[in-house]
Amino acid sequence: MRIFFIAFFLLSLYACDNDLTTIGDNLIPNDHYVEVTRFILDETSTIKLDSFPTSSMSTTSTFQLTMGRVEDDFTGITKATPYFQISPNGFASNVTWESNCMYDSLTLEIPYPRNLAGDTTSYQSFDLYQLKQYMVYNLDNPIFCNTDSLPWDKKLSSLTIYPQQESYTRKLYFKINDALGQDLFNKMRSRDPMFEDRNLFMDYFKGLAIVPNEKNSLLTSLDASQIKLQCHYHIGATEDLSFTLPMYSSGQNVSYAYTNIKYKAWENSPLNAVTFTDSIPFQKENRAIIEGMSGFMLKIKVPFIADASKYKTIIKAEIELRPKVDIWENIPEPQLLSVYVVRSNNYVKQVLMDNSSNNIYGILSQNIMNPDSKKYTIDLTDFYIRQVEGVQPLDKEIYLLIGLPGYIYSPWDGYQIFAGDVYNKYQRAIFEELPIFSIYYSNYK
């Protein structure tokens, strides 16, 4: 009997080991083996992007311009003005010097805009302006940003619309004054070389801007590829002839078009002083903000917690962000949030990724039976384990920037600018609770 007892004891010793690499293989799931430590992330603040691209940076997707104006009760006023260049595409063969070839009108055709955020029950008015200067395209840094603008020359037309959802298949038209239209038509009749030379045409027609009225209450989105200038004419009794001058594009890439975005915080609001480097601490107003187009992002410092016990291993690390739910403004909230690992000065070190190089997002979830359960969850597990259990020396300063889905545009070393949904999606999340950071451990012996 003693022999059997000794054999059983030795076999038990052999079965128990402290090899951390095998914890997932021989740990039996049991709540008694899990320890959770939670931290309130009181070093949370709001930052604001200094600038971000609003011109086309992709040839694979439809490029959107934004126009309109909206007032946000929490943050202030955001006004979006699209700028774009019209381009010639050669001579219109039907236009001749014959006396029966007659000019009719000049119009700017745009697609019916899609509503982004704001009041859809009020009329929205816009003025069309010709520009005094044409856009200068920098080949070394081929983007236009939200802060870029150009001086207006003269107003060409006005348009008022009612933002009905069912109108998306319609087209809208700015009727441009006949002095400009007749001159453009006469130059086409005389075969002016500017119709075959874009640079000459830009000297003549420098571009357009659609300026929202100061009483507008809605932000909308335009498919840039469908914008075009049309000169209408007739020959004899024939009607509805026209030649088209489209928005300038290089292939599918709409190069000479962007949205200027002006943001103004409410009077005496701390948001007037926030920048990309000067943040507003959460405690100043018990609030933090993520918002597209105005450029607000969340900055969080995550504690560095490394436990020395060899019987204790991190199995999960995550951040929870609980957005304010009792908001009645017509402003959508993002379903996903992008997360960037940054230095204390907000210089991006990396996009947050797991061990398989997949981007990690803050994912919005909610129990439909409980509105207060809404939260964004950011899974930091792989990144955090690398931070606290990696190769010495370890960087104990862990800062994250969180905003609308996007990426970092960096055409050369040392230059970084945030790109993505911030340029054309007016989505917002308000946080009136500090984020919670949770670490889940497995304890075993």
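Modeller: pLDDT is the predictor's confidence in each residue, on a scale from 0 to 100, and it is a sensible place to begin, since what we have here is a predicted model. Across the chain the average pLDDT is 86, and 87% of the residues score at least 70.

Biologist: Which elements of the chain have the lowest and the highest mean pLDDT?

Modeller: The lowest mean, 43, belongs to helix α2 (residues 23-26), while the highest, 97, belongs to strand β17 (residues 296-302). Over residues 1-28 the pLDDT stays under 50, and the model has 16 contacts beyond four places in sequence for that stretch. Where pLDDT is low, the predicted coordinates should not be read in detail.

Biologist: How many helices and strands does the chain have, and what share of its residues counts as buried?

Modeller: There are 6 helices and 27 strands in the chain, and of its 445 residues 48% count as buried. If we take the contacts with a separation of 6 or more, residues 24 or more positions apart account for 81% of them. The chain exposes about 22500 Å², of which carbon and sulfur atoms supply 51%.

Biologist: What span should helix α3 have, and what is the distance between its end C-alpha atoms?

Modeller: Helix α3 covers residues 178-189, and because each residue adds 1.5 Å, its 12 residues should span 16 Å, which agrees with the 16 Å between its end C-alpha atoms. An α-helix has 3.6 residues a turn, so residues three or four places apart point the same way. With that idea in mind, look at the buried residues of α3, which are Leu-180, Gly-181, Leu-184, Phe-185, Met-188 and Arg-189. Just after α3, Arg-191 takes a positive phi of about 55 degrees.

Biologist: How many aromatic pairs are there, and how should I read one of them?

Modeller: The count comes to 20 aromatic pairs. One of them joins Phe-195 and Phe-243, whose ring centres are 6.5 Å apart with 90 degrees between the planes, an edge-to-face arrangement. Phe-195 lies in the loop between α3 and α4 (198-204), whereas Phe-243 lies in strand β13 (residues 238-246), so this pair ties together parts that are 48 residues apart in sequence.

Biologist: Are Phe-195 and Phe-243 buried or exposed?

Modeller: A residue counts as buried under 20% relative accessible area, so Phe-195, at 1%, is buried, and Phe-243, at 5%, is buried as well. Phe-243 also pairs with Tyr-233, and here the rings are tilted, 6.3 Å centre to centre with 45 degrees between the planes. That pair links Tyr-233 in strand β12 (residues 228-235) to Phe-243 in strand β13, 10 residues apart. Tyr-233 is itself buried, at 2% relative accessibility. Ring pairs link these residues into a cluster, whose members include Phe-185, Phe-195, Tyr-233 and Phe-243.

Biologist: Which rings have the charged end of Lys-299 or Lys-316 over them?

Modeller: The charged end of Lys-299 sits over the ring of Tyr-399, 5.0 Å from its centre, and that of Lys-316 sits over the ring of Tyr-440, 4.4 Å from its centre.

Biologist: Where is Gln-283 found, and which residues is Gln-283 in contact with, leaving aside its neighbours within four places in sequence?

Modeller: Gln-283 is found in helix α5 (residues 282-285) and is partly exposed, with a relative accessible area of 41%. Leaving aside those neighbours, Gln-283 is in contact with Asp-42, Thr-44 and Leu-434. Gln-283 and Leu-434 are 151 residues apart along the chain, yet their C-alpha atoms are separated by 9.2 Å.

Note on methods: Residues numbered from 1 in each chain as written. Predicted model: local features only at pLDDT ≥ 70, side-chain atom pairs only at ≥ 80, totals over all residues. Heavy atoms only, no water. Helix = DSSP H or I, 4+ residues; strand = E, 2+ residues; numbered from the N terminus. Expected span 1.5 Å × (residues − 1). Buried < 20%, exposed > 50% of the residue type's maximum accessible area, 1.4 Å probe, protein only. Contact = heavy atoms within 4.5 Å. Areas by Shrake-Rupley, 256 points an atom, 1.4 Å probe, with all protein chains shown as cover. Phe/Tyr/Trp six-rings, centres within 6.5 Å; stacked < 30°, edge-to-face > 60°. Lys NZ or Arg CZ within 6 Å of the ring centre and 35° of its normal.
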